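Me: I am new to this structure and would like a close look at a single part of it, set in its surroundings. Please take your time and keep the points connected.

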Amino acid sequence: MKRTLYLFLLPTVAALLLVEGYPAIYSLYLSVTQFPEPAFVGADNYIQMATDPVFWESLRVTLLYVSSSVTLAFIIGLAFALFLFHEKRQNRILHTILILPIAVSPLIAGLLWSPSAIWDDINVFLKFVLGLPTIIMTNPNFAMTLMIISESWLWAPLFMLVFLSVLQSIPKEILEAAEVHGASTFQIFGRITFPLIIRSPVVVIIVAIKTIDTFRSFEIPFTWIGWIGQEKLGSPIDTLSVIMYKMMIFPIYEFPISYVATISLTLLVISLIVTAVILRVGRILWETT
Amino acid sequence: MVRYLIYTLIILYIIWPLSIMIEESFRIDLSPFFAGRGVTFAGGIPFYSGGFNPSLINYWEAFTLEAFPRLVLNSAIIAVASVGTSLLIGTPAAYVLARHKFRGKGLLEFLVLSLRTISPFAVIIPFYVIYGRTGLWDTYLGMMLVYWVINLPVIVWMMKGFLSDIPKDIWEAAVLHGASEFTILRKVALPLVVPGLIATAVFAFVLTWNEFLYASILTGPVTKTVTKGIWFGMSEAAETFKVVEWDDINTAGTLAFIPAITMIILIRKYLVRGFTMGSSN
């Protein structure tokens, strides 16, 4: 019996070791050598990274991007879920519409939310109809805001689905009892619904997973490179993944493969730490139910 | 009243970017409406300054002049191969994780989950280097292997979730009948989770279909995928930064979007489980 079990597990373990374990170790090796020479250079790459202002700036941008996107997606998803939950009629159509963004490739989302798509129309509207000055696309703050909005556009439906499943698992009697006792909608939400949502393990997990995913998010910041910064490394909207991409693609940086490996490993550690923190906070919330 | 306002806002927010993509691919330009002009009269003749040429010419071009069918074929081959093999590899493992306890189980679960956190860049550079040396760059086999990175963790966790739903009595009954693990997996477990299998397969397929980063670096003229084609143009040659060609982007985007959304709508019920890796309540 036992042997069959290990046999079942073996292909998966082998495959994962092959495609993830080996490259990860190879990355580690790359980060302590100077590609293409196999000579061991110790922590040189790490020191170079720690003293590189581009790295810290881009780390700051990444942290800002992650925290804002996840928070916004959380809020929007919650709003959608509450709205949908209280809508009895036409539930299905609205529900289908609301999950559309999940099927969209992040690349497409980035393109659609970047200047030439909806923003031309909005600017035209602002200028010709309202007579306001147009929004300048190359303003980094504007770009950053938009990137955050589009990232949360992609994932808010996901949060919504999770919240819906939590909402649907609340026993009706509790809500009805609260109403009978004269609680207002806000009170019901604040004292019953919201605490239940925060304490749900699924919610904590989805927040953790999406946080990690956003650390690695690449496509959306990528679509803005043409508008702000281009090949320049220190652009104010570059997240770490974009920085690494630029270094790899543009020949003027001479393909610092070892350096990029170093950064990617650091990014991995950072995202693991942040996730562990989130899970810890989640566990505390669970225990105080 | 407020409800309808909220309705409109929500639907606008979700749909508007997508609708622009779809409209423009049919060469319908609605921007004059935003200027408050719409149809004006020039010398007594109605004049619409946007391009309202609803035509399929973009699509015709995509299918004949450009290599779009080839891109679709590539994306499909890669996705099917990668998801198919991942299912074969991952489902037995999910079965074990769902049913049994053993030493190191926690560790294994943690590994599978944490591998999802790896930044593509940690993996993509070794792949790029190694594939360059072994000639796997721009091959279907190479891409299939790369997408295991994405698909295997997702599939193992989703299938584990579905398999855990099977009541213990069924397992016990099968054991009492003297069935081997292999038989149980094949004849008991799998038939019971067919919907879950389909949902998992579809979900992983959409993930692979929409993926950009690995495709952009590790494919070339032969295996260029649809998503890469959206950015780099639908012809076979890959270029770096080019002038944004909106016709191409919108057409390819719409065409890429349609299969994805069809599949997602079909597996709606299982989406939560997919994203939370099987830990639904």
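Among contacts in chain B between residues at least 6 apart in sequence, what percentage join residues at least 24 apart? After that, please look closely at helix α7 of chain B, with its bend and its packing against α4.

Reply: The model is a predicted one, and in chain B 75% of the contacts between residues at least 6 apart in sequence join residues that are at least 24 apart. Chain B holds 14 helices and two strands, and of its 281 residues 43% count as buried.

Against that background, α7(B) is a mostly covered helix, with 22 of its 25 residues buried. From its first C-alpha to its last the helix reaches 34 Å, which is close to the 36 Å expected for its 25 residues at 1.5 Å a residue. Within α7(B) there is nevertheless a bend of about 45° at B:V149, and a proline, B:P153, follows within four residues.

The partner to consider next is α4(B), which packs with α7(B) at an angle of about 35°, the two axes lying 6 Å apart. Their crossing is right-handed, and the residues that make up this contact divide into 21 nonpolar, seven polar and one charged.

Two loops help to place these helices along the chain. The loop between α6 (120-134) and α7 (140-164) of chain B contains B:D138, a residue that has a positive phi of about 60° although it is not a glycine. B:D138 counts as partly exposed because 16 other C-beta atoms lie within 10 Å, a number between the limit of 12 or fewer for exposed residues and that of 20 or more for buried ones. The other loop runs between α4 (68-99) and α5 (105-114) of chain B and contains B:K101, which counts as exposed because it has 8 C-beta neighbours inside 10 Å. Measuring from C-alpha to C-alpha, B:K101 and B:L113 are 17 Å apart in space, while in sequence they are twelve residues apart.

Finally, chain B also has a neighbour, for 68 of its residues are in contact with 72 residues of chain A. On the side of chain A that touches chain B, helix α1 (residues 2-31) of chain A gives the most, with 15 residues, and by class that side has 53 nonpolar, 14 polar and five charged residues.

Note on methods: Residues numbered from 1 in each chain as written. Chains lettered and ligands numbered in written order. Predicted model: local features only at pLDDT ≥ 70, side-chain atom pairs only at ≥ 80, totals over all residues. Contact = placed C-beta atoms within 7 Å. Nonpolar A, V, L, I, M, F, W, Y, C, P; charged D, E, K, R; others polar. Axes fitted to C-alpha atoms, helices over the stretch in contact; angles between N-to-C directions. Left-handed = near helix turned anticlockwise from the far one by under 90°. Expected span 1.5 Å × (residues − 1). Bend = angle between axes of the 7 residues up to and from the residue.
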